[in-house]
Amino acid sequence: EAAAEAAALRKDSERRQAQARKKVINVKERWQRPLMAQIPVTFMLGMLCFGLTMITDFGSRTETLTDRLLFSQPPEPGVAGLQKYMQESPFARIREGQVWRLITPIFLHGNVLHLMFNFYWLIVLGGMIEFRQGSLRMIFLVLAFALISNVSQALHHGPNFLGFSGVGYGLFGYVWVSSRYVPEAGLYISPANVAMWLVWFVVCLTGAVGDIANAAHWSGLVSGMVF
């Protein structure tokens, strides 16, 4: 009986030590790596946003790659083409098998400010999540937030939208709630930045800054907080 009890104690000790080792991060070793090695998924997402936005001239070259990346193909020239576009479902191309459109609008941006704002917060928030919780978690979150925010925006306002901000609000909501209620996750955002994100959210809702994908914003924010 004593031998069995000792074996159980040893097994429990080994389990606890293995769990402790998984939680240890050698920060010095990580910081010595190049940025792409520290946060490879975040880095590649940023490069895709920048590269595809430049190639498509901020989404204006609709006759080439932009057509294949938006949630739905833009209308054909002329009144007939516009009427057909207005009548068909925003999910028409996706039902034809073009399922990548559920995700790919996040890579295109309409102007330099739009691109730079989203790129910056992708690196800050996405980099923090990937550094602390791993690349697989980052991939899962981005795909989930992209799917939820894009579908929500298409359902509420149609398929004519682009940008990473729905995912950005998802990452913000995830880090914000984690910093308050899951401190062991190691994620943090300052109260000043929380206020900035929420004030910008309200400003966008007012319409004062133009045509904004508000459904993508609020659905991304809510899903990030829930996750």
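Buried means under 20% relative accessible area, exposed means over 50%, and partly exposed lies in between, with a 1.4 Å probe and protein chains only. The model is predicted: local features need pLDDT of at least 70, side-chain atom pairs count only at pLDDT 80 or more, and totals for chains, interfaces and linings use all residues. Residues are numbered from 1 along each chain as its sequence is written, and side-chain values use heavy atoms, with hydrogens and water left out.

**Exercise 1. Place T104 and classify its exposure.**

Step 1. Locate the residue. T104 sits in the loop between α7 (92-95) and α8. Helices here are DSSP runs (H or I, at least four residues; strands are E, at least two), numbered from the N terminus.

Step 2. Apply the cut-off. T104 has a relative accessible area of 11%, so T104 is buried.

Step 3. List its partners. A contact means heavy atoms within 4.5 Å. Leaving aside neighbours within four places in sequence, T104 touches R68 and L69.

**Exercise 2. Find the salt bridges, then decide which of them share partners.**

Step 1. Set the rule. A salt bridge is a side-chain nitrogen of Lys or Arg within 4 Å of a carboxyl oxygen of Asp or Glu. Side chains of opposite charge can pair when their charged atoms come close.

Step 2. Count. The rule gives three salt bridges.

Step 3. Take the pairs in α1. D12 and R15 meet at 2.6 Å, N to O. These two lie three residues apart in helix α1 (residues 2-23), so about one helical turn separates D12 from R15. D12 also meets R16, at 3.0 Å, N to O. D12 and R16 are four residues apart in helix α1, so again the separation is about one helical turn.

Step 4. Add exposure. D12 is partly exposed at 28% relative accessibility. R15 is partly exposed at 40%. R16 is exposed, with a relative accessible area of 54%.

Step 5. Take the remaining pair. R93 and E96 form a salt bridge at 3.4 Å, N to O. R93 counts as buried, at 13% relative accessibility. E96 is exposed, with a relative accessible area of 54%.

Step 6. Join bridges that share partners. D12, R15 and R16 form one network.

**Exercise 3. Describe the largest nonpolar core and the separate second core.**

Step 1. Define the set. A nonpolar core is a set of buried Ala, Val, Leu, Ile, Met, Phe, Trp, Tyr and Cys residues joined through side-chain atoms within 4.5 Å.

Step 2. Size the largest one. It has 35 residues. Those with the most contacts inside it are L125, I129, M138, V167, L171, F172 and I189.

Step 3. Assign elements. Two or more residues each come from α4 (40-55), α8, α9, α10 and α11. The largest share, seven residues, belongs to α10.

Step 4. Inspect one member. Apart from neighbours within four places in sequence, V167 is in contact with I106, V142, F145, A146 and S149.

Step 5. Check for another core. A second, separate core has six residues, including F71, F91, I94 and L102.

**Exercise 4. Characterise the largest pocket.**

Step 1. Define it. On a 1 Å grid over the protein atoms alone, a pocket is an open set of points with protein on both sides within 12 Å along at least five of seven lines; lining residues have an atom within 4 Å of a point.

Step 2. Give the volume. It is about 660 Å³. Volume is the space filled by probe spheres set on the points, with grid points joined across faces, edges and corners.

Step 3. Find the centre. Of the 24 lining residues, H114, S165, D211, I212 and A213 are the closest to it.

Step 4. Assign elements. Two or more lining residues each come from α8 (112-133), α9 (135-157), α10 (165-181) and α11 (191-206). The largest share, four residues, comes from α8.

Step 5. Sort by class. The lining has 12 nonpolar, 11 polar and one charged residues. Ala, Val, Leu, Ile, Met, Phe, Trp, Tyr, Cys and Pro count as nonpolar, Asp, Glu, Lys and Arg as charged, and the others, Gly among them, as polar.

**Exercise 5. Examine two loop residues, I39 and D57.**

Step 1. I39 lies in the loop between α3 (35-38) and α4. Its relative accessible area is 5%, so I39 is buried.

Step 2. I39 and E130 are 91 residues apart in sequence and 6.0 Å apart in space, C-alpha to C-alpha. Leaving aside neighbours within four places in sequence, I39 contacts G127, E130 and F131.

Step 3. D57 is in the loop between α4 and α5 (65-69). Phi of D57 is near 55 degrees, a positive value in a residue other than glycine. D57 counts as partly exposed, at 36% relative accessibility.

Methods. 1 Å grid on protein atoms, 1.4 Å probe; cavity = no way out; pocket = protein on both sides within 12 Å on 5 of 7 lines; lining within 4 Å.
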